[in-house]
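User: Could you take a close look at one part of this predicted model for me, the sheet and what surrounds it? I'd love a connected walk through the strand pairing and then the disulfides.

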Amino acid sequence: MRQRGLMGLIALVLAGMAGMAQAQSQSAYVRGALDRLDAVADGVSYSSNLSFDLSRVTAGQHFRRSTVPATGSAVRVTAACDTDCSRLQLRVVDFQNRQVAYEQPHTGASTLLFYPQAGQTYWIYAQPLDCSEAYCYVVVGVWQ
């Protein structure tokens, strides 16, 4: 009985260690995405941050979020994906699904600027184009 309990404890510890290793691995990818975002957003100075999102995106899919700017002044969208992604497509569409801003750089980070109509809904799409794993982390910041 004591041996079976010890074996169960060892199995539990090993499972916990595997979970920690996975969490550390995911943390490294999140850190990679944040570092890319930090590099591309360096020097950004706007009066307010409208949103900041971190999302795990399945390969071939995109991150999507809406934003409703209160004023018509410029909005900057900055996005980055983790180190499993080398290219990130970033675009903004209006409430009628018309594209108002687009960037498809040759890096895993992107930034664009658009001039909204105050009070209108805009959709932001960020898609890792070449995610080499089952999913990639994407970070998106929106400033006005």
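Analyst: Happy to! Let's start at one bridge: L90 has A126 of β7 as its bridge partner. The strands β4 (residues 88–93) and β7 (residues 122–128) run antiparallel, and 6 bridges join them.

Now step back to the sheet that holds this pair. The sheet is open, with 4 strands in the order β2-β7-β4-β5 and antiparallel pairing. At its edges lie β2 (63–67) and β5 (99–103), each of which pairs on one side only. On average, neighbouring strands in this sheet are turned by 15° against each other, direction ignored.

Following the chain between β4 and β5, you come to a loop that contains N97. The backbone of N97 is worth a glance, since its phi is near 65°, a positive value in a residue that is not glycine. For comparison, most residues other than glycine have a negative phi. N97 is also exposed, because its relative accessible area of 57% is over the 50% cut-off.

On to the disulfides, of which the structure holds 2. C81 is joined to C85, S to S 2.0 Å, and this link is left-handed, with -70° about the S-S bond. Both ends count as buried because they fall under 20% relative accessible area: C81 has 0% and C85 has 1%. The sulfur atoms of C131 and C136 are 2.1 Å apart in the other disulfide, where 105° about the S-S bond makes a right-handed link. C131 and C136 are buried as well. With the bonded cysteines of the protein chain numbered in sequence order, the pairing reads 1-2, 3-4.

How values were computed:
Residues numbered from 1 in each chain as written. Predicted model: local features only at pLDDT ≥ 70, side-chain atom pairs only at ≥ 80, totals over all residues. Heavy atoms only, no water. Pairing = 2+ DSSP bridges. Helix = DSSP H or I, 4+ residues; strand = E, 2+ residues; numbered from the N terminus. Axes fitted to C-alpha atoms, helices over the stretch in contact; angles between N-to-C directions. Buried < 20%, exposed > 50% of the residue type's maximum accessible area, 1.4 Å probe, protein only. Disulfide = S-S within 2.5 Å.
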